[in-house]
Structure formats: structure tokens, C-alpha cells
Amino acid sequence: MQESGYLNLEHLTDAIATANGFAGRLAHEHFRVDVITENLLRMKISRGGTFDENPSFALVVDPLTHNGFQSQDRAFNLEIGADSVRLTTASLVLTVNTDKFGFDLRRIDGSRVFASGECGYRILNNDWRISRGAARGDAIYGLGEKTGKQNRRGRDFHLWNTDVLNPNAAGEFTKAHPETHPRADSTSTEFDPYYVSIPFFYQQDEVTGAVGGSFIDNGYRGFYNFTAADSYEIAFGGGQYTEYLFGGPDFASILADYTALTGRAQLPPIWALGYHQCRWHDYSQQDVLDLAKRHRELDLPLDTLWLDIDYMDGYRVFTWNHDRFPDVPAMLRQLDEQGIRVITIIDPGVKFDPGYEVFDAGLEREVFCLTEGGDIYIGQVWPGNTAFPDFAKPETRKWWGELNAQHVASGIAGIWNDMNEPATGGISEKPMRFGAGAYSHEKYHNQYALLMAMGTAEGLLAARPELRTFILSRAGSPGIQRYAANWLGDNMSRWDHLWLQIPMATGLSLSGQSFVGADIGGFAENSNPELFARWMQAGLLTPFARNHNQTNQLDQYAFAWGQEVLDIAREAIKLRYRLMPYLYSAFVENSLTGAPIQRPLVYQYQHDAEVWEVDDQYLLGGDLLVAPILEAGKTSRSVYLPAGEWVDWHSGDSIESRGERITVEAPLTRIPIFARAGAAIALWSEVPVSTAGYYPEEIAVLVALPIRDGSHTSVLVEDDGLTFEALAEKKLTTQFTVTRSGGTVALRGVSQGLGFKEFNRKRLRIRLIGLGDLALQERVVENTGEDFEAVFNL
Ligand code: GLC
């Protein structure tokens with residue numbers, strides 16, 4: 001982006017009230033403020049005198065009429081003065097200066113949400129930029145998939161979906177730094193940008209701890225610079241200024257409103273929460289069957305096996321290499337009998353190959369991206385020269401959907417979308433235009449993966465209308481959570497990348513995309529037994545748990561590292577399957593409210609300044625705190641326990657914390673985990689080899705003993721795990737309330753919902769843990785979904 005030569009549009013004139021707020025003139029442009037709710041405002045500036053009312057594919061609702069926000073109160077009061085315009089809602093006060101255009105947004109109690117900096121609004125050709133004030137100690141979170149620590153303050157970030165390990169794509173960004181700078185190396189844990197771009201962030205006030213949120217609805221290349229001490233700058237390389245301002249003051253309400261705007265994640269099928277085994281490798285049909293068998297022989301639960309690019313015929317998407325896979329339906333059937341599903345990779349790049357059906361059809365239907373001159377744009381991916389579907393056109397998405405529908409017809413369970421930044425290898429992406437050549441590459445680059453996922457989801461739904469879909473995507477932009485999970489791209493088998501997955505995943509989950517996880521064991525370079533063991537322990541306690549490895553690296557299967565590591569890996573997988581009811585319920589909550597699954601501590605303890613910088617532990621769901629070992633040779637670590645009562649998962653020790661650090665032992669066989677006292681954590685008593693067809697007779701409920709009197713609630717949702725029917729009424733939602741009163745602890749369960757036909761629960765095995773005892777008391781309650789109460793006398 002240009003640094004100098006900008007025009008400053010600094011005088012606001014002709015302010016008038018509108019039905020939704022107010023409007024005015026900003027030099028030759030229009031400025032507009034819309035009240036979406038009392039706690040959510042939108043500001044817009046036109047370009048060329050016209051507002052773009054649909055700047056991107058991010059939104060799923062018309063904000064002005066949608067009633068799913070935290071508040072429905074849209075009332076406001078307006079005072080138009082000579083120096084300023086003041087708009088007041090039940091929660092916010094917005095003051096816009098007329099002389100030097102800028103604004104100040106406060107809550108009704110006077111606390112600051114945002115204050116614009118000196119420069120107002122500046123433009124230069126396609127670019128526009130704004131600046132904001134910030135106190136020295138304010139923290140910044142969000143912005144989607146970013147490297148480094150969760151507090152983004154002190155760094156600058158590009159939003160430009162990038163194929164990180166491709167020197168051609170990453171080169172522009174590595175070369176901007178001196179050779180010794182961490183960002184000069186795209187494999188470092190500081191490199192920027194990454195695969196997913198989300199222009200949504202939170203600013204946390206250093207004094208009050210309150211957070212405000214900003215979402216800029218713009219798909220062009222963005223730049224956020226938080227390096228200055230008292231301000232920060234936001235710039236975009238095109239499109240218009242459309243900003244949603246969220247009053248907060250807490251993360252949950254902002255995220256709920258942000259995901260009301262951009263859409264919530266569809267609840268995934270339960271098998272997508274299982275253990276996934278993937279590898280870039282030249283498998284044959286028999287190899288795949290052998291791999292399944294091996295997992296079963298070694299008692300390693302497994303829900304899916306993945307096929308990377310080598311299953312195809314010469315990397316032609318939607319084909320099979322029939323020499324290596326002579327009978328795909330038979331293979332799928334045999335795997336299905338073992339409860340194992342198959343997911344295949346589909347890249348967007350279609351081999352430029354006249355005579356190849358998909359290429360010919362794309363040509364004929366005119367659905368490929370063109371250059372300015374009207375030629376088919378050519379990039380380079382695995383098959384060599386490739387054409388790229390123009391997903392900005394609905395007919396392309398439809399065509400792509402049909403191809404996917406045919407592809408999965410034989411029983412493929414889900415689709416893995418890769419190289420969708422889009423990655424174009426050694427060839428510049430710039431000449432790739434959209435809309436039959438009418439639109440620049442920049443307009444849709446960051447949205448390419450979202451559009452591809454839209455088309456893919458359309459196809460999967462058409463093929464199997466009753467089943468929830470599963471798509472995994474590498475790239476993404478706001479709204480990607482509606483269609484796909486994201487993995488964290490091509491990471492390295494290095495300890496610092498094991499650490500990186502924590503702030504990267506929590507940054508994404510604060511940005512609306514919770515279904516994320518890193519390649520377990522690390523993708524590039526070779527893992528080693530200790531790193532792999534630690535990665536399994538940590539990775540199996542993240543939302544998406546997939547072991548994946550680059551081609552030509554050492555085997556990285558759970559069984560590849562000797563008996564000790566195999567046992568650790570099995571334990572890690574089994575712990576995840578035991579936790580499945582708890583984890584699944586966290587996914588349900590995410591789909592209903594946007595609440596993160598892998599949560600940074602700051603989400604829940606925002607007024608504890610100590611956690612603003614805690615990047616090496618997180619909460620999984622609302623009630624478990626996970627603190628993985630992230631360094632070689634370590635068998636203990638320091639864990640910060642926010643104020644409250646906790647129960648050590650492994651020893652049952654009760655810990656009352658005033659917000660302090662403790663040192664915990666973590667031999668290679670153990671990952672530190674703590675349960676919030678008062679939580680009722682639902683588990684599968686027995687561990688199945690796969691989620692397929694598993695509807696247990698017994699659910700275990702671990703009640704973490706509260707020390708002090710009080711109540712705490714947790715929710716368990718059970719359904720068939722597969723269909724859309726279950727999302728409506730055919731499920732059972734049980735609210736657990738744990739109440740301590742003197743010497744008694746009571747667990748009460750209240751259920752609602754119609755249940756579902758596979759429901760098979762006959763009893764609950766309730767176990768009280770705490771005071772150093774993992775089975776302080778146990779009760780077995782016959783229960784098929786009725787309300788109940790179990791009382792423990794201490
Ligand atoms: C990309 C993907 C990786 C995959 C490889 C081959 O590097 O990120 O996961 O294995 O391509 O398809």
C-alpha cells in the first residue's frame with residue numbers, strides 16, 4: 001500500500017437524520033451511520049458518491065432487519081450541532097466531529113469503546129486508511145489466523161491469503177524484512193500473512209478491561225498496524241469503508257453479534273470430532289485398508305482416513321487413479337464396516353488439459369477465471385498448468401457443487417479444500433480476474449476459499465440432503481465458519497509450532513471460526529518421539545484433531561514411534577473419545593451462540609490482566625483448562641489458574657486459586673488439565689473405536705467438587721450426531737446444576753427435547769472428584785432422560 005500522497009477527507013457537512021441514524025457529506029463522498037442495535041453501529045463512506053451495500057460475501061443477514069442480535073433495541077437520539085453530531089442509544093454515545101472528521105465512541109457509562117486518531121479518513125486511488133487512538137497498555141485480539149502471541153499489540157499484519165510455504169507467494173512478505181528478522185522466514189512463528197484473513201478485532205481498555213469490537217466488511221487486501229504507542233492504523237487496498245462497531249464490553253456479546261452478522265458454524269457431524277489420520281502419501285487401495293486394520297489391531301480409535309492428492313489420476317480433480325484404487329466402492333464399504341469414513345482432497349486448480357472432462361466442461365460453461373484480455377487464466381498447481389473456477393459467479397459454484405455431489409456419491413464422507421488462497425505456484429495470481437474478466441483479482445482473492453466452500457457445501461447438501469456436511473478448508477475469510485472447518489496450514493514439526501497452534505487457534509476462535517486444529521505432529525520436517533507424544537496430547541484436546549504429514553517424511557502414525565509413544569498416543573485419543581459428549585456439547589454451544597470451543601483465558605477472565613498475555617494454555621469448552629507441555633525435555637510446567645476453584649484432572653486435588661501460578665508435574669505420559677469446580681462433565685464411560693453407530697447405554701458425569709457454597713451449570717446435548725433433524729427438535733438437552741450447600745453436593749439434571757430414535761441411554765454414572773480423590777463418591781442413576789437429582793453427603 002502507498003505510504004504518502006493521501007487526500008484527507010476531513011470536513012463533515014450537511015448532516016441530516018435518517019431512519020436508521022444519520023448521514024452527511026465528507027468532501028465529495030457520503031458518510032452514513034446506521035444503528036443496528038443499541039450496542040452495534042455501522043459506519044459507511046461512499047466511493048464515487050455511491051455506497052456499496054453488499055461489499056462482500058461475509059454477511060448472512062440484512063443487519064437493519066435481522067432480529068437475532070443480542071438486543072433488538074434500535075432506538076436512538078440525535079443532536080446535530082455545529083462542531084459535532086451526537087448519536088445516543090440505550091448503550092452507546094457516538095460523537096462525530098464535523099471540523100476535523102473523526103469520532104469518539106463511548107458506552108453510556110462514559111467508558112471508551114473507540115476513539116479515532118488524528119487523520120480522519122484518507123484515500124489514494126484504490127487505497128483508503130483510517131487511524132484510531134489507543135492507550136499504551138490496550139490489548140488487541142482477533143484478526144483471524146495470525147502467528148505470534150494472542151495480544152496483537154506491537155505488531156503489524158497483512159490480510160492477504162497466502163500459501164505460506166510457497167516462496168513465490170510468501171516472497172513479497174519475507175523480502176520486506178532484513179534477513180535475520182523472524183518474518184524474513186515463512187516457517188517462523190512470526191511470519192505474516194497466513195492463509196485466512198478476517199478483518200475483525202477487539203480492543204481491550206488497559207484500565208477497565210472492557211472490550212470493543214471492529215469488523216470491516218471488505219474483502220480486499222488489508223493492513224493493520226498496531227506498532228505505535230498511542231494509535232493504530234487500518235488500511236485497505238480497495239473497496240469501501242464499511243465498519244461494524246461493537247460496544248461489548250465483554251467478548252461473548254461481541255462474538256455473538258459478530259456471528260449473527262457473518263453466520264454461525266453449522267453443527268458438524270459427530271464423526272468430524274473424532275480422530276483423523278491423514279498423510280500426503282502415494283497410497284494404494286490395499287495400503288489404506290491395511291492402515292485401517294493396523295489402527296484397529298492396536299486399539300487406536302479412528303473415525304476417518306484421508307486421501308491426499310495422489311489418489312487422483314495425474315492430479316486431475318474429481319478423478320481417481322484406478323490402477324492404485326481399482327474398486328473404490330468396495331474400499332469404502334470395507335472401511336465403513338470398521339466405522340471408518342474417507343475424506344478426499346479437492347484443489348480448485350483444474351488441470352489445463354483439453355480432453356479432460358472437467359476442464360472441457362469448465363470451458364464450455366465459461367466458468368473459469370479470465371485475464372483482462374479474455375484468455376483463460378493459467379496458474380500452476382500439482383498437475384502443472386491449471387485453470388481456476390470463477391467462484392464469484394453463482395453458476396460456477398453450482399457446477400462445482402454438482403461435481404462434488406457426483407464425487408461423493410460412492411460414499412466419500414467429506415471434502416478437503418486446499419490451495420484455495422488461491423495458490424498459483426510460480427505464476428503471479430494478479431492476472432486472474434473474476435466475473436468474465438470484469439473484476440480485479442484483489443476483489444475476490446481473500447474470499448476465494450469462502451466461495452469455493454459455498455459451492456462445495458451446496459453439492460454435498462444436494463447429494464445427501466438429510467446429512468450435515470463436513471468440509472475442511474485451508475484458506476478463509478469472514479463467514480467461512482458457516483461452511484467449513486480450517487486447519488492451520490503447513491506447519492513445521494518443531495516445538496515452537498506446537499506452541500503456535502494455541503494462540504493461532506484461539507485467535508481464530510475469537511474471530512468466529514472455532515472448528516480449527518493444527519496438523520498433529522507437524523506437517524513439514526520430521527517429528528520425533530517426544531514431540532509427537534506431546535503433540536498428540538495437546539492436539540487431541542483441540543477442536544479439530546488430525547494427524548497429517550508431508551510426503552517423503554518419516555512415518556508419523558500413532559504407532560510409528562515405539563511402544564511407549566504408542567501407549568501415550570492411544571491414551572490421548574481415548575481421552576478425546578471419553579470427552580466426546582462434553583466436546584460435542586461445546587460444538588452445539590458454538591453453533592448456537594458463537595462461543596469459542598478452544599477459548600483463550602481472556603475470553604472468560606477478561607478483568608484479570610494476567611491472562612492477557614497467557615498464550616500457552618487455554619480452556620476447552622467452558623470447564624476444562626488445558627496446559628500442554630510445549631518444550632523438549634520438560635516434565636513439569638508453570639500453570640496460571642485464574643481465581644476460583646479447580647480440580648486437577650489427574651490427581652483429583654482441589655486447588656483454590658486467587659489467580660496464581662502453580663507448578664505441575666507432567667511426565668511424558670501426562671498433559672496438565674484442570675476442571676472448574678462445580679462443573680459436571682459428561683463423558684463416554686467406554687471408549688468406542690469410532691463414533692459410527694455409537695449410542696451408549698451409559699454416560700459418566702464427573703462432578704468437580706466445589707469447595708464453597710454456590711451453584712454452577714453445564715449443558716449436555718445428545719442427538720443422532722448426523723442429521724439436520726437432530727438440530728431442530730430430535731435431541732435431548734440436559735442442564736446439569738451442581739449445588740454445594742454446607743456438607744452436601746447435589747447434581748440436578750433437567751432435560752428437554754424430543755429425543756431421537758437411536759437414543760439408548762439407560763443410566764448415568766456420576767462421580768464426584770476432588771480433595772485428591774478421583775472417586776470421592778460414585779452413584780449410578782437409572783436414567784433415560786428424565787429429570788433427576790443425586791445428592792452426595794460429604
Ligand atoms: C498443501 C497442503 C497439505 C497437503 C499438500 C499436498 O501443502 O497444505 O496439507 O498435504 O498440499 O496436497
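These legends accompany close-up views of a predicted model.

**View 1. A six-stranded open sheet.** Let's start with the strand order, which runs 31-32-33-38-35-36 in this open sheet. Neighbours in the sheet pair in the antiparallel sense. At the edges sit strand 31, covering 598-599, and strand 36, covering 654-657, and each of these pairs on one side only.

**View 2. The pairing of strand 31 with strand 32.** Here we move in on the edge formed by strand 31. Its partner is strand 32, made up of residues 618-620, and two bridges join the pair in the antiparallel sense. To find your way around, look for Arg599, which stands opposite Leu619 of strand 32.

**View 3. The residues around the ligand.** The ligand has 13 residues around it. Those that come nearest are Asp308, Asp418, Arg474, Asp490 and His548. By character, the shell divides into eight nonpolar residues, four charged and one polar.

**View 4. Side-chain contacts to oxygen atoms of the ligand.** Three residues are worth picking out in this view. In the side chain of Asp490, an N or O atom is 2.5 Å from an oxygen atom of the ligand. Asp418 places a polar side-chain atom 2.9 Å from a ligand oxygen atom, and for His548 the distance from a polar side-chain atom to an oxygen atom of the ligand is also 2.9 Å. On its own, the ligand has 310 Å² of accessible area, and the protein covers 97% of this.

Key:
Residues are numbered from 1 along each chain as its sequence is written. This is a predicted model: local features need pLDDT of at least 70, side-chain atom pairs count only at pLDDT 80 or more; totals for chains, interfaces and linings use all residues. Side-chain values use heavy atoms; hydrogens and water are left out. Two strands pair if DSSP finds at least two bridges between them. Helices (H or I, at least four residues) and strands (E, at least two) are DSSP runs, numbered from the N terminus. A residue is near a molecule or strand if one of its heavy atoms lies within 4 Å of it. A polar contact is a pair of N or O atoms within 3.5 Å; within protein, one must be able to donate a hydrogen and the other to accept it, and residues adjacent in sequence count only if both atoms are side-chain atoms. Accessible areas come from the Shrake-Rupley method with a 1.4 Å probe; for residues, only the protein chains shown count as cover. Ala, Val, Leu, Ile, Met, Phe, Trp, Tyr, Cys and Pro count as nonpolar, Asp, Glu, Lys and Arg as charged, and the others, Gly among them, as polar.
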